[in-house]
Every structure is written in structure tokens, then in C-alpha cells.
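Dear colleague,

I am handing over the structure below, together with an account of what was found in it. Please read the notes with the structure open beside them.

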Amino acid sequence: MHKFIVTLSLLILCLSGAMAWDRYTNDTEYLIGTYAFQKIMRYSFSVASTSTVTLETMNTTGDTYMYLWSNTECRQVARNDDGGVGLCSKITASLRPGSYIVFVRSYSSNAAANCDLYKNGVKVINQGRYSGYKLYVGTKNAETRFRTTDLSAGSNTYCLLLNSSANLIGYNDNYGGLGSMVVAAEKPSYFIIGAYSDTTEGTCKVRYTADNNLEYLALCGNETRHAVSGNSFDDHFDSGSYYYGSVLASREWMFRGSNRMSYADGVDLVYIHAHGGWGSFTSEDEVGVDFTHPEGSAGGGHRTNYKSGDLEYIAFMTCQTVRIESETTWGWLQTRGWQSKYNSDGSITKGFFDGIHVVVGYHSNHHNVSRAFLDHASYWYEAKYFANNLDGGQSIWNAWKNANKSATDKTQHWLWCPNVDLGETSSIYIVPQANESLAQSHSTDYKLGDSNYYFGWRKSHYWYD
Amino acid sequence: MKQIVIVLLMVMVAVSANAFDISYSKDIENELEKVVAENDALLKKIDAKLLKEDKNTILEKQEKYKKDKNRVMNKYPEAEEVLADKIVYVDNRKLKGIKGRKNVAGARYAASDFIRTIIPDVLGEGEDLKVLYVREDYGADQEKDDDGNILENVDIKTYSYSVRIGRTLYGQPVFDSFASVDIDADTNEVISFDLNNWKPVGAIDETALKTLKKDMLKKTIDKRLDAQQKEHANVRHVDVKNVIMGWVFDETGDALEPAFVHYGTVDEEETSGEILEKKYSFLEMMEGSTGNTGKPLDEKAQMLSDDETATTSAESENPDKSIIKEE
């Protein structure tokens, strides 16, 4: 019995180790250097209803640079250098309901000074210390991860990441200890190293990891493992170029909470073969997974201010998950929860597409033509063709619809049989990313408020003679 | 547990012989030259991703076509048959029910016409093209006003059509032969095509097909069944195609796995009856073996008509039992 428990424990350890990958598991981490860092001033507040807020630094001997960030929207609202008195900063903005944070750093790197911070004319911080080491990180792609390690004794970092336009694109206090970690939502230029407080300043090393490998997760339902592995998707995906663990039985928790960072949001592409319904599918253990529930789904790293995970593409070989609910209106995209929206009170309801680029699936039922007509079921071929098409560099949508075509052809090829209907393929996408292939998974993620955050759908319908 | 096994036999035999000469009229000579020229121009427009060998194959076909045409015209300067006899079959009655905004009919015609154009000997006597299906790729993108607000207007756009074209010979489908043509919805121009699954005319023997007797095939099958097999076997269907398939069914009617999968080819010296016997001996072995190793008794029956059949045969010989159970 004891031996059994030990064996079981080892097995669980092995399994957990094998399953809990992240998107950088197969990538090399590089050291940028060792740096001394000082405090970045910050101030958090909430807004209950849409209102105008003015934030201003005052009474400083230094030069402030201020950012206003929305934690609710995970985006910078505004930034300012010298809009206030002298070298002070000032931001006035109309804010929607939500939580916000203000960061104040020194314009020059590691030039510590003190200042007051006023919100709507009321002093909220009295002579707080501000500084920050401004580290130029060179030309890097989106999805590059930066983190601080080897912190000096008693120190604690608090870091910001800026893009090439000096806009704030993410921040983090602690990740796996007292160090910080931020993943670039778009091409980064500066990593601002700060301390959590006056008393936690010190030195640290800064490292970065480029997300050079494309990762995917292949999930099966309770009857479809062989359609995901063994003769189909997993076997035909080029494992030499892509990192993956193995085909897994789908579970609801792979798409929620922190677990999704190691599963759905730990990869670029998720492929699911299971039973499905409008905006949902059924996991291997028969639990319904509502993908479009705003609080419950994987949706990319914009749901975190440091963007630790980021799923770009998802393929549902399921019935009706990607249902085009209306061809003549757009409201269903928001009602169903695909598209984020502003509510009447100015607050935001987040949708599934919060970092996602393209979703493909079936508008109709997905019909599996069994061995009564084929030597193998048609979805085996469909999965295989999809993998091959992706490997061949086709766009996500073309790879998907062409896989269906090829499987249909395969069926007709065997019997020359009319009316073999495998289903109507469909796709919902961010318009500028509609034709992306896997090679473009590092393109900028768009979210509500971005000019490129608008949607489209596609569908394949066919007629038999 | 006693398992009732029913064997469903579908025998489909198509036969082949030499291609027949095609005669052309003087009137169409210029037209044919024009077609060839158009083909050359069209090839230049074809997606650069197309494999070079595909282009070469087509060019070879065109060269052969030119030679054949010259040969025929030299031999039969008085030829009256016109290419119009080989018109593409498009049955507009099939178009009912299609939404008005979809130009499916145009796509069907454009694809069929393209096949007729690019394969010079696409149709011979007794042959006809048949559109298997048309797939429309369409959708809509949100539009925004000058202030970036998303408009309610939904402008549905059709991007392309994919047309699958098969071929019939004396009303029977020419199995294992279809072409895929993708048509741009705006211009009705071919944007890509795939002829990898197109069987040339010379592979079909019209004479043998004409003389094939279905009743004789049924009788031969019945003759080959022994008493025990007759208890559990039910020959439900015999048809004339160039493939033989059979499945083992359980008592619920669910197909367990293919009893055999085999393409039929007919040598000119053989009769259809002899061929059927040999193929049936293959079936007999499969039925007699519950393990279903799939190995035919007759090597002749193993003749495979193409690589696709070879792949399928190999798969049926090594069925993954766990997978079959799971499904």
C-alpha cells in the first residue's frame, strides 16, 4: 500500500510537471544586465460612475513623468511629462467606472526626488519618493517576457513596460517571489525598474525571453481522443517546430483562473474536438464550458496587467460553437459575449476576444461521416488536413475551411455520393487579423477601445446537386 | 456471444479501354487555337503557389492536345463534329432555392467551362460533366463611421466559390475522378484549381462498360456464397462502378469495419465475370476470417488502381482495434 501511494505521488508529480508548461518552456532566457533601482510612486483609486478626474504632481525638485492606467481595461488612459507647473506632470481625463492606478517616475533614469500628488485638487500623497531605472531593451517582438531576478537582500521590484511610443503597456509587482515579470503586449522599448517602497530599493538582474516557439494545446472530448491524436491532428502537426505536451482530456478549469495560464492561455493555438453548442463545448468529463462568459473564459493576457498568458487562435471541431447567430445584425456578438462592449453606465463587459485574434469552428452541426462510408471517420481526415494546412502556412481560416473541403472531397471520392454534409465551417475574427497564419501570432493584440478592435465573420455554405 | 454478421456487398465495376479518336470540325480549329492561347494566358494568372509540376502537367496536356488536333485535322479534314457536342452540363433546375445574392450558377458554369478548357479531352462519347457541389465562402466585416463607432449596417460579401466537378460515363459516375476549382466571386475568374484527382479519358473502357451485365454479377456473387454465408449475408446492392466495397455489420446494423476495400480494373482479355469471381474470392476470405486480416487470397484482387487505394488498403489491413472500439 505504501509503495502504491509513493508510486501514485510520483505519477501525479510527473503528470503535473509535464502538463504545467508555459509559453516560454522551450525558449532561451537571456541576461540583459544588473541594475540598481529606486522607488516608483503609485496611487490607486476607483471611479463609481463616469467622471472627469485631474491628477497632478506638485512641489518637486525633480522632473516627474506620470502614467494613468486602467486596471479594468488593462490599458494606459493617459501619460504626461511636463503638463503641470514647471517640470511637474498633469493629466485630466474622463474615466469610466473601474479601478485605476497612477505611476510617477523620474524623467531621467534613477534620478530620485520627492513630490506631492493631487487628485481633483486634493493632496493624496505628500512628498512621496519617485524614481525608476529606464532600461532601453532594444528591438524585441511582442510576447517577449521581461523579468527581474537575483534581487539584493531586502529589495522588492515594481516594474513598468513601455512600447516604442513610450506608452505604458503593462506593469507588475511580484511574480513568483519579490521579482517582477511583464510580457510585452506589443513591441517593447523600455523596461522601467522600480522599487515597491522606499525601503526595498536595491539591485537586480533583468532577463528577457523571446517567445520563438509556437505552442498548441490539443484537447479531446469524451469520445474524440483518437480524432485529436492518432492519425489526425496531433500526429500531423509538425512536432519539430511546435512545442506541446500531449493530447489532453479537456477540462473546464483549463480555461479559468490561474490554471488557464498553464493551459489555454499558455499556448498560441487551442484545438478542441468535442460536443458543442452556441459559444460553448462539453469537456471530457461532461462539464459545460461557456467560452463566451465574460468572467469565465480564456481570452488572452489583457485580463492581467502583466499579460502572462496569451491565446491567439482557437479551433472548435464541435457542433455550433462558432454559431453565426445573425447575418444581418451585429448585436449578437456582444450579447453572446464574443465582443467586449461599453455598457450604458460607461462600464465595460469583457468579451471572449480580449487578445484572441481568430476563432474557427462550425456554424452548423458538425457531422462525422463514419466508417459506414469511409475507411475512417471523416473527422480524422479533417483534423489531419487542418494540421497539414497549418503546417503549410495557410491562414487559420483557410486551413480550417480547406480541411473541411478536403474531408468532403475525400468522402465523395470514396462513394461519389451526394449530400454528404460535414457541416458549415465558420469563423469570428478581429478584422485586421482575419487572414493571419500561425506565423503571425505575435501581432499586436487588440481590445475594446483600440481602433482595430472590430469584428467580422465568415461562413462556408454549400449546395449539392 | 454469438454475433450475427451481415455482409453488405457493393460491387461496382468500371472498365477501361483505349481512348477513342476525337474528330473536330474545321469551324472550331480557330476556336481551339483561341482556347489554347487563353489557357496560356490563364496559366500566367494562376496563383504562384501552384506547384511547378502542375503547370508542367497542364502544359504537357496542351502540347499533346495540339498534336492530336493537328493529327485529327490532317486525317479528317472533312470532320464535322464540333466541340459544342462536348458542352458542359449545367442544370439550372438545380439552382432553385438559392438566395438571390449568390451567383452560384455563374460559379458552376465558370468552373465547368474552365475544366473543359484546360483539359482538352475532358469529355468523350457518352461522357458528361457533373457538378458535385458548390461551396460559397461569404461573410461580413463591421464597418465604422468617421468617429470610430461601429455601424449597424451589415454588408454581406461573397468572397469565393469552390466547385467540385465529377464526370459521368453513360450515366454512371466515373468514380475516383473529380476536379476542384476555386472561383473569385467578384470576377468569376479561376483563382486556383486542383486536378490531382482527375482521371484521364484513356483510363475508361466504354466498350466493357456497355456490355457489363448487372444480373450476371448478382448471379455470380450468389453462386460464390456457400450455405453458411448465405445465412448471414445479404447482398443488398450491385451497381456498376469501379470500386468494390464491403462492410461487416453487427446485428444492430452498425458497421464494424470494412470487409474489404478494393478498386477494380479490367484487363481487355478478361470478362467481367472472371474479374468478379476473383474479387469475390477476396470477399469470401474476409467474411470467413473473424479477425479480418484483410489479406486477399487472390493477388489479382490486390491490384490497386492508384496510390490512394494503396493507402486505404494498408489502413484496412491494420485496423486499430482500440480505436474502433472507442468509437
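In chain A, residues 24 or more positions apart account for 76% of the contacts with a separation of 6 or more, where two residues are in contact if their C-beta atoms, placed from the backbone, lie within 7 Å. Please keep in mind that this is a predicted model, in which local features need pLDDT of at least 70 and side-chain atom pairs count only at pLDDT 80 or more, while totals for chains, interfaces and linings use all residues. Residues are numbered from 1 along each chain as its sequence is written, and chains are lettered from A and ligands numbered from 1 in the order in which they are written.

Chain A holds 6 helices and 29 strands; these are DSSP runs, numbered from the N terminus, with helices being H or I of at least four residues and strands E of at least two. Of the 465 residues in chain A, 52% are buried, a residue being buried if 20 or more other C-beta atoms lie within 10 Å of its own, exposed if 12 or fewer, and partly exposed in between, with C-beta atoms placed from the backbone.

The largest nonpolar core (a set of buried Ala, Val, Leu, Ile, Met, Phe, Trp, Tyr and Cys residues joined through C-beta atoms within 7 Å) has 66 residues, and those touching the most other members are A:Tyr216, A:Val270, A:Tyr271, A:Ile272, A:Ala315 and A:Phe386. Among the elements of chain A that give two or more residues to this core are β17 (214–220), β20 (269–273), β24 (313–317) and α5 (378–391), and α5(A) gives the most, with 8 residues. Apart from this core lies another, of 43 residues, including A:Val102 and A:Leu161.

Strand β20(A) has 5 of its 5 residues buried, with A:Leu269, A:Tyr271 and A:His273 on one side and A:Val270 and A:Ile272 on the other. It pairs in the parallel sense with β17(A) over 5 bridges (two strands pair if DSSP finds at least two bridges between them), and A:Leu269 is the bridge partner of A:Tyr216. Another 5 bridges join β20(A) to β24(A), also parallel, where A:Val270 has A:Ile314 as its bridge partner.

Elsewhere in chain A, 4 strands form an open antiparallel sheet in the order β2-β7-β4-β5, with β2 (41–47) and β5 (75–80) as the edge strands. Between β2(A) and β7(A) (residues 98–106) there are 7 bridges, and A:Phe45 stands opposite A:Tyr100 in β7(A).

With kind regards
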